[in-house]
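Trainee: I would like to practise the reasoning behind the words we use for a protein model. Could we look at one together?

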Amino acid sequence: MSKQSIRIASVSRRTTETNIELTVALDGTGSSKIQSGLGFLNHMLEALARHSGMDLELQCSGDLEVDDHHTVEDSALALGQAIDQALGDRTGIQRFGHAFAPLDESLVRAVFDLSGRPGAWIDLPFRRAELGSVSTENLIHFFRSLATTMRATLHVDCLRSDNDHHLAEAAFKATAIALRMAVAKTEVDDVPSTKGIL
């Protein structure tokens, strides 16, 4: 493992649409302090922190008088950026992670490759337009935005579901568990790529 022993990063993202302060510690205990202005997004980010084992603090003031889009998108972009920074040069990480997470009748699979190449393939067939005050289309956009600034390949697939709340929560939990695996430290002090760089 590289000499980067403390994998913590903070990001400030300020636009005309949102003002975000975010800190992530990859080797944490899963604790979180989330204030996004959107109760359902708070709930999902708390699950993401808890099951990934990372500590997460997020304070977001967004243009919720418009809608939830910018808050959800920019929170994901800031989180991905912070995780990318905390990973440093990605020496000594597992790189790949995969997980299945059920929530009652819902079952979701998530697969990560911290490849340095951003891309997301998300198959979450929501039936409702909103969960709380969050548009379900923006939950799908969250995962795509996260993968972009994390510089990661991410697949999230619904295997079965008939309850949208369960589907969303299972998706965040599966992603969290896969992320925990992918960022895990190994005993090899090298970049896990034949290219020598991620």
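Trainee: Which residues is Ser75 in contact with, leaving aside its neighbours within four places in sequence?

Mentor: Keeping in mind that this is a predicted model, Ser75 is in contact with Ile20, Leu22, Leu41, Leu58, Cys60 and His70 once those neighbours are left aside. Ser75 itself lies in helix 2, which covers residues 69–87.

Trainee: Why is Ser75 called buried?

Mentor: A residue counts as buried under 20% relative accessible area, and Ser75 has 1% relative accessibility, so Ser75 counts as buried.

Trainee: What makes Cys60, one of the contacts of Ser75, a buried residue?

Mentor: The cut-off is again under 20%, and because the relative accessible area of Cys60 is 6%, Cys60 is buried as well.

Trainee: And how do you know whether Cys158 is buried or exposed?

Mentor: Its relative accessibility is 16%, and since buried means under 20% whereas exposed means over 50%, Cys158 counts as buried.

Trainee: How many disulfides does the structure hold?

Mentor: It holds zero disulfides; for that word to apply, two cysteine sulfur atoms would have to lie within 2.5 Å.

Trainee: Where is Cys158 placed, and which residue stands opposite?

Mentor: Cys158 is in strand 10, and Val108 stands opposite Cys158.

Trainee: What makes strand 6 and strand 10 a pair?

Mentor: Two strands pair if there are at least two bridges between them, and seven bridges join strand 6 (residues 106–113) to strand 10 (residues 153–160), so these strands pair, and they run antiparallel. Strand 7 (residues 119–123) is joined to strand 10 by five bridges, and those two run parallel; in strand 10, His155 is the bridge partner of Trp121.

Trainee: How do you know that the span of helix 4 agrees with its number of residues?

Mentor: Helix 4 has 20 residues, from 164 to 183, and at 1.5 Å a residue they should span 28 Å; the C-alpha atoms at its ends are 28 Å apart, so the two values agree. At the start of helix 4, a side-chain oxygen of Asn163 comes to within 3.0 Å of the backbone nitrogen of His165.

Trainee: Why is helix 4 described as mostly covered?

Mentor: Of its 20 residues, 16 are buried. Turning to the largest nonpolar core, there are 61 residues in it, and Leu79, Leu124 and Phe142 have the most contacts inside it. Helix 4 gives the largest share of this core, 11 residues.

Note on methods: Residues are numbered from 1 along each chain as its sequence is written. This is a predicted model: local features need pLDDT of at least 70, side-chain atom pairs count only at pLDDT 80 or more; totals for chains, interfaces and linings use all residues. Side-chain values use heavy atoms; hydrogens and water are left out. Helices (H or I, at least four residues) and strands (E, at least two) are DSSP runs, numbered from the N terminus. The expected span of a helix is 1.5 Å times one less than its number of residues. Buried means under 20% relative accessible area, exposed over 50%, partly exposed in between (1.4 Å probe, protein chains only). A polar contact is a pair of N or O atoms within 3.5 Å; within protein, one must be able to donate a hydrogen and the other to accept it, and residues adjacent in sequence count only if both atoms are side-chain atoms. A nonpolar core is a set of buried Ala, Val, Leu, Ile, Met, Phe, Trp, Tyr and Cys residues joined through side-chain atoms within 4.5 Å. Contact means heavy atoms within 4.5 Å.
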